[in-house]
Amino acid sequence: MKKIIIGSLIGMTLTLSVAFTVADYEPKKATAEVEQIQGFYIFVKSKPVKEYEFIGTVKGPAFGNHEFDNLVELMIKNARKDFPSANALIFDGAIKQTHNTKVSAVKMKD
């Protein structure tokens with residue numbers, strides 16, 4: 001009986017020590033929180049820390065203007081149409097004129 005109690009206490013002690021060390025996440029200098037626009041997380045020249053699933057590539061419209069906010073809105077519109085399950089866009093390539101820009105549509109995992 002003593003062996004079971006001692007084993008249980010050692011097990012609980014190890015579990016608690018591991019649980020509290022994982023909770024001490026320290027942000028790095030590059031850690032940030034991205035904006036959410038129209039329900040989409042927008043990552044520009046950055047990548048998510050959490051796991052995500054690549055859904056597809058969204059291409060910019062053939063015609064548009066050179067305002068970045070307008071480009072983001074057009075990309076969200078195209079992502080909603082082509083990839084309804086996506087909830088984030090990653091501007092991971094070159095950001096040029098609207099017709100040359102491509103972004104990754106992803107689904108952030110919970």
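# Exercises on a five-stranded sheet

Strands β4 and β5 run antiparallel and are joined by three bridges. The exercises below concern a predicted model and begin with this pair of strands.

**Exercise 1. Determine which residue of β5 is the bridge partner of L89, and find the partner of L89 in β2.**

Solution.
Step 1. Strands of a sheet pair through backbone hydrogen bonds, and the pairing may be parallel or antiparallel.
Step 2. On the β5 side, L89 has A105 as its bridge partner.
Step 3. Turn next to β2, which covers residues 40-44 and is joined to β4 by four bridges in a parallel arrangement. Here I42 has L89 as its bridge partner. Further along this pair of strands, V44 stands opposite F91 of β4.

**Exercise 2. Establish the order of the strands in the sheet and identify its edge strands.**

Solution.
Step 1. List the elements. The protein has two helices and five strands, and from the N terminus on they follow the pattern α-β-β-β-α-β-β.
Step 2. Place the strands in the sheet. The sheet is open, its five strands have the order β1-β2-β4-β5-β3, and the pairing is mixed.
Step 3. Find the strands that pair on one side only: these are β1 (36-37) and β3 (52-59), the edge strands.
Step 4. Examine each edge. Strand β1 is joined to β2 by two bridges, and these strands run antiparallel; Q36 is bridged to Y41 of β2. At the other edge, seven bridges join β3 to β5, again with antiparallel strands. In this pair, Y52 stands opposite M108 of β5.

**Exercise 3. Decide whether the side chains of β4 listed for each face are buried or exposed.**

Solution.
Step 1. In a regular strand, the side chains point alternately to one face of the sheet and the other.
Step 2. Sort the residues of β4 by face: A88 and I90 are on one side, L89 and F91 on the other.
Step 3. These four residues are all buried, and both faces of β4 are therefore covered.

**Exercise 4. Describe the largest nonpolar core and name the element that supplies its largest share.**

Solution.
Step 1. The largest nonpolar core contains 14 residues, and those with the most contacts inside it are F40, I42, V58, M75, L89 and F91.
Step 2. At least two residues of this core come from each of β2, α2, β4 and β5.
Step 3. Helix α2 provides the largest share, namely five residues.
Step 4. For the whole protein of 110 residues, 25% count as buried.

**Exercise 5. Classify the ring geometry of the pair formed by F68 and F91.**

Solution.
Step 1. The structure holds one aromatic pair.
Step 2. The ring centres of F68 and F91 are 5.4 Å apart and the ring planes meet at 55 degrees. Planes under 30 degrees apart would be stacked and planes over 60 edge-to-face, so this pair is tilted.
Step 3. F68 belongs to helix α2 (residues 68-82) and F91 to strand β4 (residues 88-91), so the pair ties together parts that are 23 residues apart in sequence.
Step 4. Compare the surroundings of the two rings. With a relative accessible area of 33%, F68 is partly exposed, whereas F91, at 0%, is buried.

**Exercise 6. Locate Q38 and K45, and state what is notable about their phi angles.**

Solution.
Step 1. Q38 lies in the loop between β1 and β2. These two strands form a hairpin with two residues between them.
Step 2. K45 lies in the loop between β2 and β3.
Step 3. Phi of Q38 is positive, near 50 degrees, in a residue other than glycine. K45 has a positive phi of about 50 degrees and is not a glycine either.
Step 4. Use the limit of 50% above which a residue counts as exposed. Q38, with a relative accessible area of 42%, is partly exposed; K45, with 58%, is exposed.

**Exercise 7. Characterise the lining of the largest pocket.**

Solution.
Step 1. The largest pocket holds about 560 Å³ of space.
Step 2. Its lining consists of 18 residues, and the closest to the pocket centre are A32, F43, K47, P48 and V49.
Step 3. By type, the lining divides into nine nonpolar, three polar and six charged residues.

Definitions and conventions. Residues numbered from 1 in each chain as written. Predicted model: local features only at pLDDT ≥ 70, side-chain atom pairs only at ≥ 80, totals over all residues. Heavy atoms only, no water. Phe/Tyr/Trp six-rings, centres within 6.5 Å; stacked < 30°, edge-to-face > 60°. Buried < 20%, exposed > 50% of the residue type's maximum accessible area, 1.4 Å probe, protein only. 1 Å grid on protein atoms, 1.4 Å probe; cavity = no way out; pocket = protein on both sides within 12 Å on 5 of 7 lines; lining within 4 Å. Points joined across faces, edges and corners; volume = space filled by probe spheres on them. Nonpolar A, V, L, I, M, F, W, Y, C, P; charged D, E, K, R; others polar. Pairing = 2+ DSSP bridges. Core = buried A, V, L, I, M, F, W, Y, C linked by side-chain atoms within 4.5 Å.
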